[in-house]
Structure formats: structure tokens, C-alpha cells
Amino acid sequence: MASGDSFYVTTPIFYVNDVPHIGHAYTEVAADVLARWHRQAGDDTWLLTGTDEHGEKILRTAVANGVTPKQWADQLVESAWKPLLQTVDIANDDYIRTTDERHEKGVTAFIQQLHDDGHIYEGVYEGYYCVGCEEYKQLDDLVETEAGDYAGRKLCKIHALPVEILKEKNYFFRMSGFQQQLLDLYESRPDFVQPESVRNEIIQFVKQGLEDLSISRSSFDWGIQVPWDPSHVIYVWFDALLNYVTAVGYGDPAQRAEFLRRWPATHIVGKDIARFHAVIWPAMLMAAGLPVPKRVFGHGWLLVGGEKMSKSKLTGIAPQQITEVFGSDAFRYYFLRAISFGQDGSFSWEDLSARYQAELANGFGNLASRVVAMVTRYFTGSVPAAGEYTDAELAIQRTVATAVADADAAMERLAIHEGIAAIWTIVDELNGYLTEQEPWVLARGAADDSAAAERLGTVLYTASEGLRALAVLLSPVMPKATATLWDALGAQAGLGALTAQPIRAAGEWGQLPAGSTVTPLAGLFPRIEEPVSAVSGAA
RNA sequence: GGGGCGGUAGCUCAGCCGGUUAGAGCAAGGGACUCAUAAUCCCUGGGUCGCGGGUUCAAGUCCCGCCCGCCCUACCA
């Protein structure tokens with residue numbers, strides 16, 4: 001994309017009643033890396049995340065805990081959700097809560113407009129209702145019995161009691177009318193829903209036929225009121241999806257310019273909720289005459305032991321369990337590098353530990369250590385000037401330039417794993433380059449051989465400049481370690497802040513000034529001595 | 001039932017519109033080197049590409065059938 005364009009990226013707003021696990025953190029990290037990449041590229045970047053706080057479940061748990069739903073949500077936001085962002089180092093520009101006044105106003109304006117324009121009508125919702133659960137059930141949640149007192153009737157799986165057929169007055173959104181427009185959208189913009197597998201699912205789903213969507217509830221009151229009928233609150237999904245526009249000013253005349261500047265967004269979501277984002281949401285926007293999202297990307301799930309991670313199966317893992325041992329940078333790197341973004345990925349402590357050791361500690365971290373140590377030892381900490389470049393140096397320069405172009409192209413396609421892999425070619429090439437050039441051998445002869453001395457300078461400048469490029473390129477992925485490296489390289493003095501380095505220009509050779517003062521570097525990624533089994537017990 | 005995705009070296013995975021002896025990383029074995037976080041670099045081993053048919057000069061890569069796994073099939077976020 002052209003530098004300076006708007007890049008508005010969102011995570012889902014997470015249901016505040018959930019307990020944050022690495023799946024939530026994975027989504028956050030992916031969106032954050034994309035945001036940091038674009039921000040550093042000079043694009044007009046905005047990262048939004050937040051929490052979804054309405055609905056019957058939250059009302060119930062709040063009541064059960066003797067507090068109001070708002071108090072309940074407040075407490076969870078502060079104790080669980082905002083801390084999650086700290087844990088994995090998210091640099092979000094905004095945090096929206098569906099209980100924010102700006103959101104409620106925007107939602108109210110939106111639904112009123114749809115109502116005024118005839119997209120909403122009053123209808124009757126008919127469903128199976130379990131008195132024990134106090135909620136409507138889908139057929140999947142019911143079981144039919146052959147024998148016994150309830151033979152032939154549908155029973156609630158939880159209570160094993162017959163469900164009733166209840167009818168309720170509801171307001172409906174005429175979603176069925178948008179079926180063809182949606183199909184046209186998927187057809188004309190093949191990258192609207194990604195990846196391909198999710199797109200196929202969505203298209204198939206829509207082709208089966210869309211029904212109108214019930215968008216109000218009257219059996220409880222924790223939600224945003226339907227403006228023309230206060231006895232109803234707006235269905236949570238309809239409410240929640242609108243966060244993406246209300247956060248950037250939809251519905252507030254004073255924020256009109258801001259809205260036009262940001263929208264439309266790139267939505268990063270788990271594939272399980274891709275349908276809400278790729279079907280219901282664009283239909284809502286079409287009805288309101290607003291542009292549909294730029295993209296909806298449904299990423300895969302994290303599998304633990306081959307199964308979807310779940311709390312009930314005790315495979316749920318809290319992000320802190322990982323960051324406490326390996327740090328937030330390693331968390332970010334691992335999940336985005338080891339898993340093809342868009343596919344399901346297997347998580348294991350063994351794999352995490354192995355990659356940390358091989359790629360971060362021995363690969364990148366050790367490369368930084370050896371270069372800094374040699375500049376310190378052979379040039380008393382002052383980055384030497386390069387002499388004449390040979391083919392070996394030119395090859396490194398090409399590697400860096402190619403890596404930048406490839407990584408940027410990959411990030412643009414949301415292929416984050418490929419982007420990181422492209423950057424990593426620099427780590428691998430530099431380690432090989434050093435082994436081949438043997439600067440430690442050149443150093444022995446440098447005292448009485450000016451050619452060797454110049455050559456040593458060229459080699460170490462090349463390595464240092466390569467590290468400079470790595471710091472810039474990896475800053476979105478590993479903000480902390482790269483900041484440490486930036487300091488160690490003494491790059492700040494000549495180049496300014498790391499996050500101010502234009503990322504698409506990171507491949508231009510020769511940016512690190514000779515004479516920059518290198519300072520000793522403690523290991524970027526210290527070896528983890530703790531045996532893997534000790535931490536795996538926590539899973 | 002209908003539909004989607006996947007089943008490739010011990011492990012995790014690449015293999016785009018079919019085309020030379022099927023690749024990478026890790027793990028394993030051997031060697032080199034010592035600046036570095038006992039690290040780095042080089043070499044090697046190892047695969048009936050789920051199974052069975054078919055199309056083709058040529059199939060992991062297209063078609064059909066089958067087996068296995070995960071998922072979707074709307075109002076739980």
C-alpha cells in the first residue's frame with residue numbers, strides 16, 4: 001500500500017465473561033504486529049480492541065455475584081482484559097467497551113436509521129425454550145428420546161426435560177434481502193474474506209439462503225434499548241459488531257471526519273466468528289449505506305494435543321504462563337512465526353521451548369551478542385567504517401533488500417508468518433557470513449596489516465548494519481528485544497528512535513553511521529535453564 | 001444428510017496454474033571453527049507423498065471412489 005494510507009485494524013471485542021487465554025492473546029498479537037508494521041511504515045494506522053459487555057449471561061453472573069452488570073463488567077475489564085494487553089505488549093490506539101456512551105449512542109443512531117429506512121420490522125421469534133436454562137435452544141442442544149415419559153419429545157441436554165415452544169415478539173433485520181449483494185461482494189472482491197477456506201465456508205453458507213435476523217430481546221434488560229420500543233434491548237451480536245464503527249465516531253456528527261478517515265477496517269477474527277463478520281456485519285452496513293469492511297480475516301485455532309484448546313478439557317493456557325517464562329517478545333514471535341496465519345496451529349511447550357532456543361537465543365540473540373562483542377573488543381565499541389565491499393557484502397545487502405520487500409508484501413497479504421520468515425533470512429545469512437569471513441582471524445593480523453584492518457572494519461560494519469536492519473524490521477514483532485538491540489548498537493544518536501525508522505526503507509544500505517557507540521549487550525534472549533517438564537506441568 | 005479443510009521425512013510444516021533425482025526447520029549422526037548465550041558454519045542419513053482406480057508423454061499436484069481427523073450447517077460472543 002502507499003505510505004500514508006489509512007490502515008484501520010481491529011480485533012474482536014472479547015466477551016467480558018470469558019477468561020483470557022492464549023487464543024485471545026494470539027488474535028491481539030496478530031493485529032498488533034500488523035498495526036505496528038503499518039505504523040512504522042508511515043501509514044495512518046489505528047488499532048482497536050475492546051470488550052463486549054452486554055447480554056443475558058453477563059447479567060446472570062453479575063446478579064449471582066451480587067453486583068450490577070456494569071460493576072461486574074468494570075471489574076473484569078480492569079482485572080482481566082486490560083492486563084492481557086499488557087501481558088503481550090499490545091500498543092492499541094483505542095479500547096472500546098459496549099457500555100461506553102459513545103457506543104450506545106452510535107448503536108442507537110444506527111438501528112434507528114435502519115428502522116426508518118424500512119430494514120427492520122416487528123415479527124415473532126419462535127424457538128425451543130428450556131425453562132431450566134432460561135434460554136432458547138438450538139436443535140443441536142436438544143435430544144429426542146425414544147422411550148420413557150417423554151418419548152418422542154425434544155429434551156434439553158442439560159436438564160433432560162422437555163423444552164417448550166415459545167413465541168416472542170422481536171424486531172427483525174431484513175438480512176435475507178442482502179443475499180445476492182453479499183454473494184456479489186464475495187465474487188467481486190476475492191480477498192474480502194480470507195483465508196480461502198473460510199471464504200468457501202461463507203459463500204456456501206450464504207448460498208444456502210439467508211433468513212432475517214432477530215435483533216432484539218425483551219426477556220431481560222441488560223443491553224442497549226431499542227429506541228422506539230424501550231421494552232426491548234438489542235441482540236448482543238448486532239450491538240457488538242457496531243463497535244468497529246462507533247469507536248471511530250459513527251453516529252457523532254462532531255466525529256464525522258474521523259470516521260471518514262478511518263473506515264473501512266481490516267477485521268482480524270477467529271474463524272469461528274468469521275460468519276458474523278463476513279455475513280451479518282456487511283449486510284448491516286449495506287443496509288445503512290456504509291462501506292463494507294476492507295477485509296475479514298479468520299485466523300485458525302490453537303490446538304493443544306491435537307484438539308482445540310478448551311477450558312473444560314483443561315487445555316486452556318493463560319498467556320502469563322508463557323510470558324512469565326519466555327517473555328512477551330517470545331510469545332509474539334512464536335505464535336506468529338510457527339503458525340501459518342489462517343491455519344490451525346499446534347501448540348506445545350516443547351515446540352515453544354525448542355524454537356525459543358534455536359531461533360531466538362541461538363539464532364538472533366547470539367548473532368547480536370557476537371557482533372556487539374567483536375565491535376567492542378576490536379574497535380573499542382565504535383562501529384567501524386566499511387572499506388571496499390566484496391561480493392560477500394553485496395550478497396548480504398541484497399539479502400536485506402529482498403527481505404524488506406518480501407516481508408512488506410507478505411504483511412500486506414496478512415501472511416505474517418511469511419513476513420517473519422523473510423526477515424529471518426537476514427539472521428541466517430549474517431551468521432553464515434561471519435563464519436566465512438572470520439573477523440576474529442582478521443583481527444589477529446590487523447595490528448600490522450592495514451588491509452586486514454580495513455577488511456575487519458568492512459565485515460563488522462556489514463554485520464552491525466545488518467543488525468540495524470533486523471532491529472527495524474523486527475520491531476513490530478519483538479518491540480522489547482529490538483529496543484534493547486537499538487540501544488546496544490548506539491543507533492539512537494545517529495538515527496533517532498527505533499519506532500521512528502521507516503520500515504519500508506529498512507533495506508537501504510548504510511544507514512548506521514560509522515562511529516556509533518556500541519555498548520555491551522546482555523543476552524537478548526537468555527537461555528531458559530528451567531526444564532520444559534517443569535512448565536509443561538502447568539498446562 | 002449437505003458442505004469446507006486437512007491426512008507429505010521421528011516432530012511441525014512448504015510444495016502456486018501437473019513436468020528434471022519430493023523440500024525446509026527442529027531432532028539424530030559426522031566434521032570445521034572459537035567472535036558469541038557450549039554458540040555458529042558445513043556435510044549426512046531418512047519419506048510406498050492416507051488407500052484404490054482413472055486421465056495424461058508426465059500426478060504429491062487433476063478426476064472418481066473409499067478410509068481417517070477437524071470444522072461448518074444462523075441468532076451462545
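## Exercises: cavity, sheets and a buried threonine

The largest cavity has F14, E28, T49, G50, T51, W81, L84, L85 and Y95 as its lining. This is a predicted model, in which local features need pLDDT of at least 70, side-chain atom pairs count only at pLDDT 80 or more, and totals for chains, interfaces and linings use all residues. Residues are numbered from 1 along each chain as its sequence is written, and side-chain values use heavy atoms, with hydrogens and water left out.

**Exercise 1.** Describe the largest cavity and its lining.

*Solution.*
- Start with the term: on a 1 Å grid over the protein atoms alone, a cavity is a set of points where a 1.4 Å probe fits but cannot get out, and lining residues have an atom within 4 Å of a point.
- Count: there is 1 cavity of 30 Å³ or more.
- Size: the largest cavity holds about 30 Å³, a volume being the space filled by probe spheres set on the points.
- Sort the lining: 5 nonpolar, 3 polar and 1 charged residue. Gly counts as polar here.
- Locate the lining: β2 and α3 (69-87) each supply at least two residues. Helices (H or I, at least four residues) and strands (E, at least two) are DSSP runs, numbered from the N terminus.

**Exercise 2.** Work out the order and edges of the open sheet of 6 strands.

*Solution.*
- Pairing needs at least two bridges found by DSSP.
- The order is β3-β2-β1-β14-β15-β9, with parallel pairing.
- β3 (94-97) and β9 (193-194) each have a single partner strand, so one side of each lacks a neighbour in the sheet.
- Look inside: β1 (6-15) and β14 (266-270) pair over 2 bridges. V9 has T266 as its bridge partner in β14.
- Add the helix: α1 (22-40) lies across β1, β2 (44-52), β14 and β15 (295-299), at about 165° to β1. Angles run from 0 to 180 degrees between N-to-C directions, with axes fitted to C-alpha atoms.

**Exercise 3.** Do the same for the open sheet of 3 strands.

*Solution.*
- The order is β17-β16-β18, and the pairing is mixed.
- β17 (307-308) and β18 (345-347) stand at the edges.
- β16 (302-304) and β18 are parallel, over 3 bridges. L302 has G345 as its bridge partner in β18.

**Exercise 4.** Is T246 buried or exposed?

*Solution.*
- T246 sits in helix α8 (243-246).
- Its relative accessible area is 2%. Buried means under 20%, exposed over 50%, with a 1.4 Å probe and protein chains only. T246 is therefore buried.
- T246 contacts (heavy atoms within 4.5 Å) I96, R102, H103, G106 and V107, not counting residues up to four places away in sequence.

Notes: Chains lettered and ligands numbered in written order. 1 Å grid on protein atoms, 1.4 Å probe; cavity = no way out; pocket = protein on both sides within 12 Å on 5 of 7 lines; lining within 4 Å.
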